[in-house]
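Reader: I have a structure to go through before I get back to the bench. Could you walk me through it?

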Amino acid sequence: MKKPPFHKSVQFTFRGIIWILKNERNFQFHILGLIINLFLIVFLGLSNTETALILLCCFFVLVTETLNTCVEKICDYIQPKFDSRIGIIKDLAGGAVMLATISAICVGALVYWPYLKLLFY
Ligand SMILES: Nc1ncnc2c1ncn2[C@@H]1O[C@H](COP(=O)(O)OP(=O)(O)OP(=O)(O)O)[C@@H](O)[C@H]1O
């Protein structure tokens with residue numbers, strides 16, 4: 001198959017992002033998390049390093065959610081019926097999102113805690 005020109009390839013990737021934004025509820029929740037974090041970054045005046053850490057975590061969760069959806073789509077395509085092997089593959093992909101989310105919560109707690117302490121005490 002002939003490779004599409006670069007601008008077309010970029011267009012296809014955005015098509016994927018728009019599709020997941022419109023169709024996947026979990027991805028929409030993670031986008032909401034990103035928006036809340038962007039607000040907190042500005043409101044609390046986080047340093048460049050702290051901002052980089054928070055953004056990295058948010059995008060890490062979004063990337064794992066996108067790959068999880070990708071695995072689910074492939075599984076549903078190759079085996080639409082119940083199959084315990086498909087079940088474990090999907091569980092593993094979902095587990096990756098969970099691990100990314102746990103790491104994001106830990107980093108978020110460590111970064112935001114000193115600011116919240118100043119605000120409330
Ligand atoms: N074809 C199948 N065979 C066996 N088990 C399955 C199959 N499809 C789904 N499952 C089980 O149901 C779970 C949820 O799968 P589903 O495809 O509904 O994902 P989902 O609920 O959309 O997940 P997510 O919230 O991560 O997007 C899987 O983790 C797996 O344990």
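Author: We can take the ligand, an annotated residue and the cysteines in turn, keeping in mind that this is a predicted model.

Reader: Let's start with the ligand, then; which residues are around it?

Author: The residues around the ligand are E24, N26, N68, E72, Q79, K81, F82, D83, I86, G87, K90 and D91. Divided by character, this shell holds 6 charged, 4 polar and 2 nonpolar residues.

Reader: Which polar side-chain atoms lie a short way from an oxygen atom of the ligand, say like the one in D91?

Author: In D91, a polar side-chain atom is 2.6 Å from a ligand oxygen, and K90 places a polar side-chain atom 2.7 Å from an oxygen atom of the ligand. For N26, the distance between an N or O atom of the side chain and an oxygen of the ligand is 2.8 Å.

Reader: And how much of the ligand does the protein bury?

Author: The ligand taken alone exposes 630 Å², and 58% of that is buried by the protein.

Reader: Which elements give two or more residues to that shell?

Author: Those elements are α3, which spans 48-78, and α4, which spans 84-120. The largest share comes from α4, with 4 residues.

Reader: Changing topic, what does the UniProt annotation "binding site" cover?

Author: According to the UniProt record, which is an unreviewed entry, the "binding site" annotation covers E65. That residue is found in helix α3.

Reader: Is E65 buried or exposed?

Author: E65 counts as buried, because its relative accessibility is 2%, and the cut-off for buried is under 20%.

Reader: Now the cysteines, since I need to think about my buffers; how many disulfides does the structure hold?

Author: The structure holds 0 disulfides.

Reader: Why is C58 not bonded to the closest cysteine, C57?

Author: The sulfur of C57 is the closest cysteine sulfur to that of C58, but the two are 7.0 Å apart, so they are too far from each other for a bond. The cut-off for a disulfide is a pair of cysteine sulfur atoms within 2.5 Å.

Reader: Where is the nearest cysteine sulfur to C70?

Author: For C70, the nearest cysteine sulfur belongs to C75 and is 9.8 Å away, and C70 is in no disulfide.

Reader: Are C58 and C70 buried or exposed?

Author: C58 is buried, with a relative accessible area of 12%, whereas C70 counts as partly exposed because its relative accessibility is 41%.

Technical notes
Residues are numbered from 1 along each chain as its sequence is written. This is a predicted model: local features need pLDDT of at least 70, side-chain atom pairs count only at pLDDT 80 or more; totals for chains, interfaces and linings use all residues. Side-chain values use heavy atoms; hydrogens and water are left out. Buried means under 20% relative accessible area, exposed over 50%, partly exposed in between (1.4 Å probe, protein chains only). A residue is near a molecule or strand if one of its heavy atoms lies within 4 Å of it. A polar contact is a pair of N or O atoms within 3.5 Å; within protein, one must be able to donate a hydrogen and the other to accept it, and residues adjacent in sequence count only if both atoms are side-chain atoms. Accessible areas come from the Shrake-Rupley method with a 1.4 Å probe; for residues, only the protein chains shown count as cover. Ala, Val, Leu, Ile, Met, Phe, Trp, Tyr, Cys and Pro count as nonpolar, Asp, Glu, Lys and Arg as charged, and the others, Gly among them, as polar. UniProt positions are given in the numbering used here, feature names are shortened, and annotations may be inferred rather than shown by experiment.
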